[in-house]
Amino acid sequence: MKNFVRGKLAAKLASGIAIALLSGLLGSQAFAKTLVYCSESSPEGFDPALYSANSTWDASSKPVYNRLVEFENGTTNVLPGLAESWTVSNDGLEYTFKLRQGVKFQTTDYFTPSRELDADDVIFSLNRQRLKDDPWYDYSAGTSWEMFDGMEMPALIKDIVKVDDHTVKIVLNQPSASILASLAMDFGSIMSKEYADKLAAEGTKEKLNQQPVGTGPFRFVDYQPDAVIRFQANPDYWAGKPKIDDLVFAITVDATARIQRLQAGECQVAAYPAPADIAGLKADPNLTVMEQPGLNVAYLAYNTLMPPFDKAEVRKALNMAMNKTAIIDAIFQGTGQVAKNPLPPAMWGYNDAVEDDKYDPEAAKKMLDEAGVKDLKMKIWAMPVSRPYMPNAHRTAELIQADFAKVGVDVEIVSYEWGEYVKRARDKDRDGALILGGTSDNGDPDNLISYFFSCAGVGGANFANWCYQPVEELIQKARVTSDQAERAKIYEQMQVLIKEQAPWATLDHSTVVLPMSNKVTGYVMDPLGSHRFENVDIAE
């Protein structure tokens with residue numbers, strides 16, 4: 001509880017700093033076309049492959065970097081990116097990518113490239129995550145290649161071969177139905193090997209995660225921690241210079257403060273308003289409010305390695321003690337729905353036949369008694385930031401706390417600063433259960449299922465630390481099945497098993513709402529939960 005209060009005070013201080021910095025920034029650049037985005041949290045760093053939060057990717061991979069293949073803005077369709085084309089061998093084991101020629105890396109105050117993008121950059125960017133003997137594999141202490149490992153890319157990729165300066169071949173150990181969609185994810189961001197070599201020679205490898213250099217639409221300028229991130233349009237961007245000159249992330253943790261700043265004109269786009277504010281935003285003639293169902297899920301993950309949460313019957317009992325309908329009504333006020341599966345209803349492979357745990361406190365208490373669990377004391381971890389799938393984790397934790405008290409379970413609510421929260425959440429000895437969630441990164445069910453439940457993710461993205469062989473076998477089977485209808489049936493089976501074993505309490509799927517000034521044009525909502533500004537303009 002103390003950590004949560006401390007975080008709120010820090011957020012207020014950071015917001016004040018950001019206002020002061022922005023006043024100076026906008027005053028000094030009166031003739032530049034500037035868009036300010038009120039973001040919900042600070043980035044954990046600027047190397048997108050090290051992290052898994054959309055807020056971090058919004059501030060790193062989306063403005064600064066490109067990937068071999070990209071998602072079409074507003075869809076999950078895979079399009080050419082830094083690779084202008086690719087071919088696949090008849091056995092599905094070799095993907096050969098032809099790189100665009102003439103693609104320039106960004107020139108910044110701290111790096112001037114001497115060459116254009118080539119195959120060495122692609123091989124460096126992927127091999128540093130894949131090969132444990134690579135000199136960059138462990139360059140960032142205390143972090144991991146969370147998404148690359150969570151998607152089991154080290155087991156999938158056999159080799160990455162330089163065919164020539166503009167051709168790269170990725171060789172697989174087995175066919176993969178989702179490899180292209182995976183490579184379009186943020187961990188596939190292509191970095192400058194020349195820049196990395198410069199940092200290594202200077203003994204400053206850590207700057208790769210602090211001062212990014214990519215080929216993307218915006219170049220990094222500076223970061224005032226917990227306050228402001230500044231970007232400038234990349235004049236040499238291969239797809240054309242963005243229409244806005246300056247992109248500013250004004251970090252504003254408090255949802256109410258974000259909306260106040262939007263309505264005051266201090267920012268033109270604001271992330272994740274509180275549900276209670278949405279009706280007022282829609283009534284404001286100066287604003288446009290976009291919304292769409294999110295490919296997301298929020299959950300309460302039990303640490304299944306720690307007793308008594310290692311017993312499925314205990315987890316099921318706690319799920320039955322939770323009045324999820326009341327929680328969703330209170331937290332979302334019409335912008336969310338109760339989740340019964342880890343996959344969202346809008347995603348192919350969703351199993352609507354699964355029956356959710358019924359709210360039944362008496363039956364829950366009986367199940368706990370029969371499992372020998374009496375006077376249970378546990379912690380529930382509550383995120384300190386808003387997310388599209390969970391606008392108020394602390395209030396959600398309070399409602400769960402009250403429900404659990406009715407069946408004799410004593411809950412302590414804890415929270416930490418966002419980066420620390422995610423770091424501590426990976427601890428296999430973590431006590432109790434934590435509130436988290438996710439949005440699909442590529443529109444393929446394997447992304448969410450593998451990330452959340454694969455055995456390889458225990459101690460990492462699998463925050464329930466749940467390794468269940470029947471599900472693991474189905475994960476592997478689905479990956480090598482090419483027919484989507486057959487794959488869908490496999491994911492439907494998985495959802496039945498996950499519901500039976502209950503490593504989570506699935507909480508909700510949300511509708512994502514994004515308010516912005518009606519002067520903003522060209523913005524397209526991303527079903528994958530990111531914010532992209534390369535095609536955005538703003539009226540003078």
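pLDDT is the predictor's confidence in each residue, on a scale from 0 to 100, and in this predicted model the chain averages 93, with 94% of the residues scoring at least 70. Because the model is predicted, local features need a pLDDT of at least 70 and side-chain atom pairs count only at pLDDT 80 or more, while totals for chains, interfaces and linings use all residues. Residues are numbered from 1 along each chain as its sequence is written, and side-chain values use heavy atoms, with hydrogens and water left out.

**Confidence along the chain**

- Residues 1-20 keep a pLDDT under 50, and the model gives them 20 contacts beyond four places in sequence, a contact being heavy atoms within 4.5 Å.
- The pLDDT is also below 50 over residues 23-29, a stretch that has 7 contacts in the model beyond near neighbours in sequence.
- Where pLDDT is low, the predicted coordinates should not be read in detail.

**Overall fold**

- The chain holds 18 helices and 20 strands, where helices (H or I, at least four residues) and strands (E, at least two) are DSSP runs numbered from the N terminus.
- The radius of gyration is 23 Å, close to the 24 Å that the globule rule gives for 540 residues, so the chain is as compact as a globular protein of that length; the radius is taken over C-alpha atoms, and the rule is 2.2 Å times the number of residues to the power 0.38.
- Along the principal axes, the C-alpha atoms fill a box of roughly 70 × 60 × 45 Å.
- Of the 540 residues, 58% count as buried, which here is under 20% relative accessible area, with exposed being over 50% and partly exposed in between (1.4 Å probe, protein chains only).
- Among contacts between residues at least 6 apart in sequence, 72% join residues at least 24 apart.

**Disulfides**

- A search of the whole structure finds 2 disulfides, each defined as a pair of cysteine sulfur atoms within 2.5 Å, and they follow the pattern 1-2, 3-4 when bonded cysteines are counted along the chain.
- Cys 38 is joined to Cys 267 with an S to S distance of 2.4 Å, and this pair links distant parts of the chain, 229 residues apart, with Cys 38 in strand β1 (residues 34-39) and Cys 267 in the loop between α9 (255-263) and β11 (269-270).
- The torsion about the S-S bond of Cys 38 and Cys 267 is about -105 degrees, so this disulfide is left-handed; Cys 38 is buried at a relative accessible area of 0%, and Cys 267 is likewise counted as buried at 1%.
- Cys 455 and Cys 467 form a disulfide with their sulfur atoms 2.0 Å apart, and with 90 degrees about the S-S bond this link is right-handed.
- Cys 467 counts as partly exposed, at 42% relative accessibility.

**Helix α4 and Asn 127**

- The end C-alpha atoms of α4 are 16 Å apart, in agreement with the 16 Å that its 12 residues should span at 1.5 Å a residue, the expected span being 1.5 Å times one less than the number of residues.
- Because 11 of its 12 residues are buried, α4 is largely enclosed by the rest of the structure, and what covers those buried residues includes β5 (94-99), α5 (146-150), β6 (157-164), β7 (167-172) and α8 (193-202).
- Asp 118 caps the N-terminal end of α4, with a side-chain oxygen 2.9 Å from the backbone nitrogen of Asp 120; this is a polar contact, meaning a pair of N or O atoms within 3.5 Å, where within protein one must be able to donate a hydrogen and the other to accept it, and residues adjacent in sequence count only if both atoms are side-chain atoms.
- Asn 127 lies in α4 (residues 119-130) and is buried at a relative accessible area of 10%, and apart from neighbours within four places in sequence it is in contact with Asp 134 and Ile 160.

**Helix α18**

- The 18 residues of α18 (residues 484-501) should span 26 Å at 1.5 Å a residue, and its end C-alpha atoms are 26 Å apart, which agrees.
- The buried residues of α18, including Ile 490, Tyr 491, Met 494 and Ile 498, pack against α11 (312-320), α16 (445-453), α17 (469-479) and β18 (504-517).
- At the N-terminal end of α18, Asp 483 acts as a cap, a side-chain oxygen lying 3.2 Å from the backbone nitrogen of Ala 485, and the helix is followed by Ala 502, whose phi is positive, near 55 degrees.

**Gly 529**

- Gly 529 lies in the loop between β19 (520-521) and β20 (537-538), and is buried with a relative accessible area of 13%.
- Not counting residues up to four places away in sequence, Gly 529 touches Asn 54, Tyr 272 and Thr 439.
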